[in-house]
Amino acid sequence: MIPTITKKYQNVVISTGNIITELGQRKSNEELYDGLKITLLGDPSVERVVVEKEIDELHGRVQRATQELTTRLTENGRNEISIGAKIFLNRHSTEFVNQAVEALLNILSVTHVDNVVLAYHPNAVASATPVTTTAAGGVPAKSPCSEGSTAGRTSNWSQRNGDGGVAELKKLYQSLEQYALKQQITQLGIADLDASALEELHKSAQVAPTIAQVNLSTCCVVPPELQEFCAAHDIQLNTHSDPELLLPEEQFAELAPGYTIDWSLRYQVHVRCRGVLTAKGYIVGASRSSD
């Protein structure tokens, strides 16, 4: 249970700190769950976890290992590191987007980040377990297509979420654009859209997305029309293996009874000249019912 803070706050922010040393390279849903478990419940066998946990009563935050994270962020000059983040959202709320970005900038103590990718899945699948096992380098070790799985079919974001979903996505993206216009985010990105939805978003954007991610656990081959659109509009096309729903409500309830996740994000810090990952962590916004 979130210590002491649950008695006072309807909304809380939870920061795992740098999880590289504790968790290594794992699936994103496993990283998030275990990172939150260490942060909220602690591990009696690891003394430093208890020592470095911080309760920020003023801002309603539970943070861990902030000093170690600060060290990683300042051991190289700001122009020598690249900070990227991905926001995971399953409910439409521009306020959640703003909360996520503000928390990211504040907890990392930076004036800007290099890129932010938005993953919006209002009709997320029930399972939070990725279909594939990810090998080194982020390439799926086994393709679902090779096993004849229905997951091998292309995931069509437009069909699943309809015109209403596209309209919601545009509003969420507009919230991110405000940070880009203020130069607090250098590049904007979007995850899991088909070519039709990406084109709709691109036409209405003040700050065009320059990054597009596609999940190869639901799309074995990147659709040609998506490749063509990205190539024509100078959009970097990347693959990933994040599930649509990082953590089901019942799993989060085990760690923070009475609370539900509003938004979550993952940040990664790389040293530019070497491409070395020096810090990685998760930040979660959660709330409880007013009843």
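Reader: What share of the contacts in the protein chain with a separation of 6 or more comes from residues 24 or more positions apart?

Author: The share is 73%. Keep in mind that this is a predicted model. The chain has 291 residues, and 51% of them are buried. Its secondary structure comes to 9 helices and 10 strands.

Reader: How much surface does the protein chain expose, and what part of it do carbon and sulfur atoms supply?

Author: About 13600 Å² is exposed, with 48% of that supplied by carbon and sulfur atoms.

Reader: Let's turn to strands. How many residues of strand β10 are buried?

Author: Start with a general point. In a regular strand, side chains alternate between the two faces of the sheet. Now the case here. Strand β10 covers residues 276-288, and 10 of its 13 residues are buried, so the rest of the structure largely encloses it.

Reader: Which way does β9 run relative to β10, parallel or antiparallel?

Author: Antiparallel. Strand β9, residues 259-271, pairs with β10 over 12 bridges. Val-271 stands opposite Val-276 in β10. The two strands form a hairpin with 4 residues between them. In that hairpin, Gly-275 takes a positive phi near 70°.

Reader: How many bridges join β1 to β10?

Author: There are 5, and the two strands run antiparallel. Strand β1 spans residues 11-15. Check the partners residue by residue. Val-12 has Ala-286 as its bridge partner in β10. Ser-15 has Ile-283.

Reader: In what sense does β1 pair with β3?

Author: In the parallel sense, over 3 bridges. Here Val-13 of β1 stands opposite Arg-61 in β3. So β1 pairs with β10 in the antiparallel sense and with β3 in the parallel sense, as the DSSP bridges define pairing. Strand β1 is mostly covered too, with 4 of its 5 residues buried.

Reader: Now a charged residue. Is Arg-64 buried or exposed?

Author: Read the relative accessible area against the cut-off: under 20% counts as buried. Arg-64 has 1%, so it is buried. Its place is in strand β3, residues 61-64.

Reader: What lies 2.9 Å from a polar atom of the Arg-64 side chain?

Author: The backbone oxygen of Thr-16.

Reader: Where is Glu-244, and which side chain does it contact?

Author: Glu-244 is in the loop between β8 (236-240) and α9 (249-255). Its side chain makes a polar contact of 2.5 Å with the side chain of Arg-160. Glu-244 has a relative accessible area of 12%, so it counts as buried.

Reader: Thr-210 is in a loop as well. Between which elements?

Author: Between α7 (195-204) and β7 (211-215). Thr-210 has 26% relative accessibility, so it counts as partly exposed.

Reader: Which residues does Thr-210 touch, not counting residues up to four places away in sequence?

Author: Gln-187, Leu-188, Asp-234, Ile-235 and Gln-236. Look at two of these in turn. With Gln-187, Thr-210 shares a side-chain polar contact of 3.1 Å. With Ile-235, the C-alpha atoms are 4.4 Å apart, although the two residues are 25 residues apart along the chain.

Reader: How many aromatic pairs are there?

Author: The count is 1. The rings belong to Tyr-120 and Trp-157, with centres 6.5 Å apart and planes at 50°, so the pair is tilted. Tyr-120 lies in strand β5 (residues 113-120) and Trp-157 in helix α6 (residues 157-181), so the pair ties together parts that are 37 residues apart in sequence.

Reader: Are Tyr-120 and Trp-157 buried or exposed?

Author: Tyr-120 is buried, with a relative accessible area of 2%. Trp-157 is buried, with a relative accessible area of 2%.

Reader: One last point, the cysteines. How many disulfides are counted?

Author: First the general idea. A disulfide is a covalent bond between the sulfur atoms of two cysteines. In this model the count comes to 0.

Reader: How do Cys-230 and Cys-273 stand, buried or exposed?

Author: Take each against the cut-offs: under 20% is buried, over 50% is exposed. Cys-230 is buried, at 2% relative accessible area. Cys-273 is exposed, at 70%.

Terms used: Residues numbered from 1 in each chain as written. Predicted model: local features only at pLDDT ≥ 70, side-chain atom pairs only at ≥ 80, totals over all residues. Heavy atoms only, no water. Buried < 20%, exposed > 50% of the residue type's maximum accessible area, 1.4 Å probe, protein only. Contact = heavy atoms within 4.5 Å. Polar contact = N/O pair within 3.5 Å; in protein donor to acceptor, adjacent residues only side chain to side chain. Areas by Shrake-Rupley, 256 points an atom, 1.4 Å probe, with all protein chains shown as cover. Disulfide = S-S within 2.5 Å. Phe/Tyr/Trp six-rings, centres within 6.5 Å; stacked < 30°, edge-to-face > 60°.
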